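Here's a short set of exercises to work through with the model open in your viewer. Try each task before you read its solution.

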Amino acid sequence: MTHTKRRKYPRYHLRIPIKLSRSISGDDAIDATSLNICLHGLYCTVTRYVPLFGKLLVTLIAPERAGVPAHVISQIEGVVVRIEPETEQIGCKAYDVALYFEELSEQQEEALQSLIASHLAAGIDEPCPPL
């Protein structure tokens with residue numbers, strides 16, 4: 001049996017702060033921290049249910065480092081492609097969410113590449129093992 005690799009880009013364990021919202025205004029923002037990220041998506045845990053295949057605006061925030069304050073580096077539209085548990089559960093305080101970035105502009109892709117490279121260069125995180 002042949003096993004084909006599904007991922008086009010490697011995933012990296014990067015714990016960076018993000019905000020997820022349904023609109024640019026961010027009135028409904030959910031604070032989260034990524035667990036891993038690649039050029040076409042991320043995996044995180046959130047405190048409330050978000051619908052499968054729903055679109056969310058992902059605000060990537062570069063953490064404070066070397067005297068430079070935390071700041072927004074990019075906003076990217078992502079689609080929820082997996083959520084666990086799969087349905088809203090009364091009393092559930094943590095949902096694991098996988099987001100896929102459908103269309104990245106050149107600027108968004110460069111921001112992601114720069115963020116990943118800076119974390120790896122600082123020795124903060126490591127690549128995830130391949131599937």
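**Exercise 1.** Is strand β6 (residues 95-101) mostly covered or uncovered, and how many of its seven residues are buried?

*Solution.* Keep in mind that we're working with a predicted model. Step one: go through residues 95-101 and sort them with the cut-off for buried, which is under 20% relative accessible area. Step two: count. Five of the seven residues in β6 pass, so the strand is mostly covered. For background, 37% of the protein's 131 residues count as buried.

**Exercise 2.** Find the strands that pair with β6, and give the sense of each pairing.

*Solution.* Start with β3: it runs antiparallel to β6, and six bridges join the two. Now take β5 (residues 71-84), which also pairs with β6 in the antiparallel sense, again over six bridges. To pin down the register, use one residue pair from each. Leu42 faces Leu99 of β6, while Ile83 sits opposite Val97 of β6.

**Exercise 3.** Work out whether Leu42 is buried or exposed, and list what surrounds it.

*Solution.* First, place the residue: Leu42 belongs to strand β3 (residues 41-46). Next, check its cover. Its relative accessible area is 4%, and the cut-off is under 20%, so Leu42 is buried. Then look at its partners, skipping neighbours within four places in sequence. From β6 come Val97, Ala98, Leu99 and Phe101, and the list also holds Ile18, Asn36, Ile37, Val58 and Leu60. Finally, try a distance: Leu42 and Ala98 are 56 residues apart in sequence, yet their C-alpha atoms are 5.9 Å apart in space. For the wider setting, take contacts between residues at least 6 apart in sequence: 56% of those in the protein join residues at least 24 apart.

**Exercise 4.** Which side chain makes a polar contact with the side chain of Thr59?

*Solution.* Locate Thr59 in strand β4 (residues 55-62). With a relative accessible area of 9%, it falls under the 20% cut-off, so Thr59 is buried. Now search for the polar partner: the side chain of Gln75 makes the contact, at 3.0 Å. Leaving out neighbours within four places in sequence, Thr59 also touches Pro17, Ile18, Lys19, Val72 and Ser74.

**Exercise 5.** Zoom out: how many helices and strands does the protein have, and in what pattern?

*Solution.* Tally the elements and you get one helix and six strands. Then read along the sequence to get the order, β-β-β-β-β-β-α. To finish, add up the accessible surface: about 8,200 Å², with 53% belonging to carbon and sulfur atoms.

Terms used. Residues are numbered from 1 along each chain as its sequence is written. This is a predicted model: local features need pLDDT of at least 70, side-chain atom pairs count only at pLDDT 80 or more; totals for chains, interfaces and linings use all residues. Side-chain values use heavy atoms; hydrogens and water are left out. Buried means under 20% relative accessible area, exposed over 50%, partly exposed in between (1.4 Å probe, protein chains only). A polar contact is a pair of N or O atoms within 3.5 Å; within protein, one must be able to donate a hydrogen and the other to accept it, and residues adjacent in sequence count only if both atoms are side-chain atoms. Contact means heavy atoms within 4.5 Å. Two strands pair if DSSP finds at least two bridges between them. Accessible areas come from the Shrake-Rupley method with a 1.4 Å probe; for residues, only the protein chains shown count as cover.
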